[in-house]
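Visitor: I would like to go through this model with you, from the whole chain down to single residues.

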Amino acid sequence: DIVLAEFFDFGCNVSWPHRGPFHDIGEYWREFLRMRLVQLAELRDRLVPLEATEDDRLTLSRAFQELMGLASAIAAVAQHHADDVARSSRVAITHYDFCGRNLLVDHATGTINAVVDWEWGAVLNASHDWFEGFDDVGEDCRRAIREVAAAQGVLPGDGVFWFARADDSEKESDPDAANKHPPGVSYNRERMADLFHSKADSGDDARRLRGETVAYWLFRVCDELFPWTLSAHMHDPVAFPFPEEGPLRVVSSLVRQCRAVYESLPVELHVE
C-alpha cells in the first residue's frame, strides 16, 4: 500500500483527508493531483487579494487559471492511463535524498555501515533513488550509477526514459540550449518522443511502454507544478516567506515550465 509522502509538500499535506493507503501508483497519482488542484486554489485565494491594483489582481488570477488548467490536463492523462501506469510501475520504499552525504562508510574497508536522514522517505517508483539521487558525486559517477541500475532492471524498459533528460554534457554540446528552453526542465522533449517511438517500433509490450512513459512524465511534471518553496510557504508563511520574485513572476514561470514538460509527453498519450 502507498501513502502520500511528506516530501511532496514539505509537511503541508498533513491535513489532507485522503492520504491513502492506495493500492497502486496510478491511484496514488490521481489523488496527489487532486490535492495539488485544491492547494493551487487555496494559494490563489490567498495571494490574489494582496495585489496592489485591480489589473495586477486580474493578471495574477489569469496566471493561476492557466496553471490550474494545466494541472487539470495532467490529471486527465493520469486518469486515462492509470491502469497502464499501475501495471508497469515497480514501487519500493525510497529515500528521496540518496547521496554520498547520507551514507556512513568505513573508509578502511569501503563498507556502507548505514544510510541516514530518512525524513523524506516515501513509497515511489523503485528507480527513483538510482536515477535521481547521488547529486553530490559528479555527473560521470551519476551516469555510471544509472547505467548499472538500468542494466539490473531497476526500471522497466531499461531506464530509457530516465536517460531522456539532458545532462550537463548535452547542454555543453548545445551552447544556445539555455536560450531555447525554460530553466528547470528537460529541453530535449524531441528525444523522449524518439525513444518512445523507437521502443514502440521494436515490439515492446505496448501497455507497459505507455505506463513507463506516463509514470516517468507524471513525476517530472508534478515536480514542476508545485515546488517545495510554495508548499513550505503554505505550511508556515512566517518561517517560509513567499519567494522574492513575487507571485506573478513565480506563477508565470510555473506555467512556462509545466507547459514545457506537459508538451514533452508524446502526442499519442495526450487526452483530448
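The questions and answers below concern a predicted model.

Visitor: How many helices and strands does the secondary structure of the chain come to?
Guide: Taking helices as DSSP runs of at least four residues and strands as runs of at least two, one can assign the elements along the chain. The secondary structure then comes to 11 helices and four strands.

Visitor: What percentage of the residues in the chain is buried?
Guide: A residue counts as buried when its relative accessible area is under 20%. The chain holds 272 residues, and the buried ones make up 47%.

Visitor: Among contacts between residues at least 6 apart in sequence, what share joins residues at least 24 apart?
Guide: A contact here requires heavy atoms within 4.5 Å. Of the contacts in the chain between residues at least 6 apart in sequence, the share that joins residues at least 24 apart is 69%.

Visitor: Which residue other than glycine, in the loop between strand S3 and strand S4, has a positive phi?
Guide: The loop in question lies between strand S3 (111–115) and strand S4 (122–125). A residue there is partly exposed, with a relative accessible area of 33%, and its phi is near 70 degrees, a positive value although the residue is not glycine. That residue is Asp117.

Visitor: Is Cys258 buried or exposed?
Guide: The cut-off for a buried residue is a relative accessible area under 20%. Cys141, at 34%, is partly exposed, whereas the relative accessible area of Cys258 is 0%, and therefore Cys258 is buried.

Visitor: How many disulfides does the count come to?
Guide: A disulfide requires a pair of cysteine sulfur atoms within 2.5 Å. By this rule, the number of disulfides is zero.

Definitions and conventions:
Residues numbered from 1 in each chain as written. Predicted model: local features only at pLDDT ≥ 70, side-chain atom pairs only at ≥ 80, totals over all residues. Heavy atoms only, no water. Buried < 20%, exposed > 50% of the residue type's maximum accessible area, 1.4 Å probe, protein only.
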